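I set out to look up a few features in one structure and to note each in turn. The entries below are kept short.

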Amino acid sequence: MKIIDAHLHFCPQSPYFDEIAARAGHQNSTAHLEECFRSLGIAGGIVMGNRGLALEEHPYPDFLRYCVGVEADCLDPALPPAGMQAACDRIEAHLKRPDCAGIKLYPGYSPVSINDRRYEPVYELAAAYQKPVAVHMGQTAGSRAFLKYSHPLTMDEAAVLHPRVSFVMCHFGNPWLMDAAAVIEKNENVCADLSGLLEGNPDIPLLLRQQEGYVSALKTWIAYTDRYDRLMFGTDWPLANYQGYLQFTRAVIPQEHWDDVFWKTAARVYGLSL
Ligand SMILES: [Zn+2]
């Protein structure tokens with residue numbers, strides 16, 4: 001079976017990422033990541049962009065593609081129209097690149113809803129280039145963010161009003177699993193990735209026992225959606241250990257749906273030919 005990691009971060013030479021990689025039993029380097037992919041049979045990955053809009057800030061090895069991260073500030077309506085247009089032109093330049101697989105938004109980390117009018121040009125571009133919009137949804141790292149903007153229910157309105165845009169709800173909206181399931185089940189244009197549910201390098205059998213109630217809820221709401229062809233394996237690497245994440249995902253997803261969840265959905269949504 002092929003595997004695609006539909007959600008990872010790639011920031012070599014970042015002390016912050018070096019440290020969290022070490023905590024997860026990894027090294028934050030291209031060579032180490034490539035070796036993980038080779039040894040675990042991971043065919044490709046989608047980097048969630050953490051950098052700016054400049055094209056030169058997005059060089060990635062050939063086994064990765066990326067979503068360009070768009071900060072709410074660069075589309076602030078208070079900007080002069082020329083500044084706004086420049087941001088849109090830069091986003092479009094990314095979407096024209098074959099290695100750019102989509103757009104990433106970070107509500108919660110920015111205090112702006114994805115239903116704010118400033119994002120209309122982003123949705124128009126996503127529809128025109130037929131590339132998905134991945135959105136951070138659910139719990140945030142650190143206490144400075146605003147959870148009301150990252151609640152999965154906010155994606156319902158965006159999905160309804162933009163039926164030509166394919167949305168990816170990152171982290172299955174964790175821990176708002178029931179709300180996430182309702183949005184995914186209802187909206188054909190919403191997929192979800194299962195990244196960010198683990199951190200570090202936990203003992204998976206022990207975690208499955210200790211967090212039995214949570215794991216049961218996760219399985220329940222995934223099964224409720226019954227849309228495995230709209231679910232994707234993802235890790236948030238280097239936040240979590242690859243082997244552990246594979247083990248955890250296999251424990252949560254029924255085996256008959258592994259092809260969809262581990263690679264087919266990501267290949268379709270992010271336009272990867274493997
Ligand atoms: Zn992430």
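The entries that follow cover the metal site, one helix, the charged pairs, the nonpolar cores and the aromatic rings.

**Entry 1. Model.** I worked from a predicted model.

**Entry 2. Zinc site.** I first looked up which protein atoms bind the zinc ion as donors. They are NE2 of His 7, NE2 of His 9 and an OD atom of Asp 236, at 2.0 to 2.1 Å from the ion. I wrote the spacing of these donor residues in sequence as H-x1-H-x226-D. His 7 belongs to strand β1 (residues 3-8), whereas Asp 236 sits in the loop between β8 (231-232) and α9 (242-252), so the pair ties together parts 229 residues apart in sequence. I then checked the accessibility of His 7 and Asp 236 and found both buried.

**Entry 3. Helix α1.** I asked which residues of α1 are buried and which are exposed. Phe 17, Ile 20 and Ala 21 are buried. Their directions span an arc of only 105° around the axis, which means that they lie on the same side of α1. Pro 15, Ala 22 and Arg 23, on the other side of α1, are exposed. I also noted Gly 25, just after α1, which has a positive phi of about 80°.

**Entry 4. Salt bridges.** Side chains of opposite charge can pair when their charged atoms come close. I counted 4 salt bridges in the model and took up several of them individually.

- Glu 19 pairs with Arg 23, with 2.9 Å between the closest N and O atoms. Both residues belong to helix α1 (residues 15-23) and stand 4 residues apart, about one turn of the helix. Glu 19 is partly exposed because its relative accessibility is 48%; Arg 23 has a relative accessible area of 53% and is therefore exposed.
- Asp 116 pairs with Arg 118, the closest N and O atoms being 3.1 Å apart. Asp 116 is partly exposed at 28% relative accessibility, whereas Arg 118, at 11%, is buried.
- Asp 156 pairs with Lys 186, and here the closest N and O atoms are 2.5 Å apart. This bridge links distant parts of the chain, since Asp 156 is in helix α5 (residues 154-161) and Lys 186 is in helix α6 (residues 177-186), 30 residues apart. Asp 156 has a relative accessible area of 22% and is partly exposed; Lys 186 is also partly exposed, at 49%.

**Entry 5. Nonpolar cores.** Which members of the largest nonpolar core touch the most other members? In this core of 72 residues they are Ile 103, Tyr 123, Phe 167 and Phe 172. I followed Tyr 123 further, leaving aside its neighbours within four places in sequence; it is in contact with Leu 105, Ile 114, Val 133, Ala 158, His 162, Val 165 and Phe 167. Another core, of 18 residues, lies apart from the largest one and includes Ile 46, Met 48, Ala 134 and Val 269.

**Entry 6. Aromatic pairs.** I found 15 aromatic pairs in the structure. One of them joins Phe 146 and Tyr 149 in an edge-to-face arrangement, 6.3 Å centre to centre with 75° between the planes. Phe 146 is partly exposed, with a relative accessible area of 44%. Is Tyr 149 buried or exposed? At 19% relative accessibility, Tyr 149 falls under the 20% limit and therefore counts as buried. Elsewhere I recorded a cluster in which ring pairs connect Phe 233, Tyr 245, Phe 248, Trp 258 and Phe 262.

How values were computed:
Residues numbered from 1 in each chain as written. Predicted model: local features only at pLDDT ≥ 70, side-chain atom pairs only at ≥ 80, totals over all residues. Heavy atoms only, no water. Salt bridge = Lys/Arg side-chain N within 4 Å of Asp/Glu carboxyl O. Helix = DSSP H or I, 4+ residues; strand = E, 2+ residues; numbered from the N terminus. Buried < 20%, exposed > 50% of the residue type's maximum accessible area, 1.4 Å probe, protein only. Donors = N, O, S within 2.8 Å, 3.2 Å for Na, K, Ca; no water. Core = buried A, V, L, I, M, F, W, Y, C linked by side-chain atoms within 4.5 Å. Contact = heavy atoms within 4.5 Å. Arc of directions from axis to C-beta. Phe/Tyr/Trp six-rings, centres within 6.5 Å; stacked < 30°, edge-to-face > 60°.
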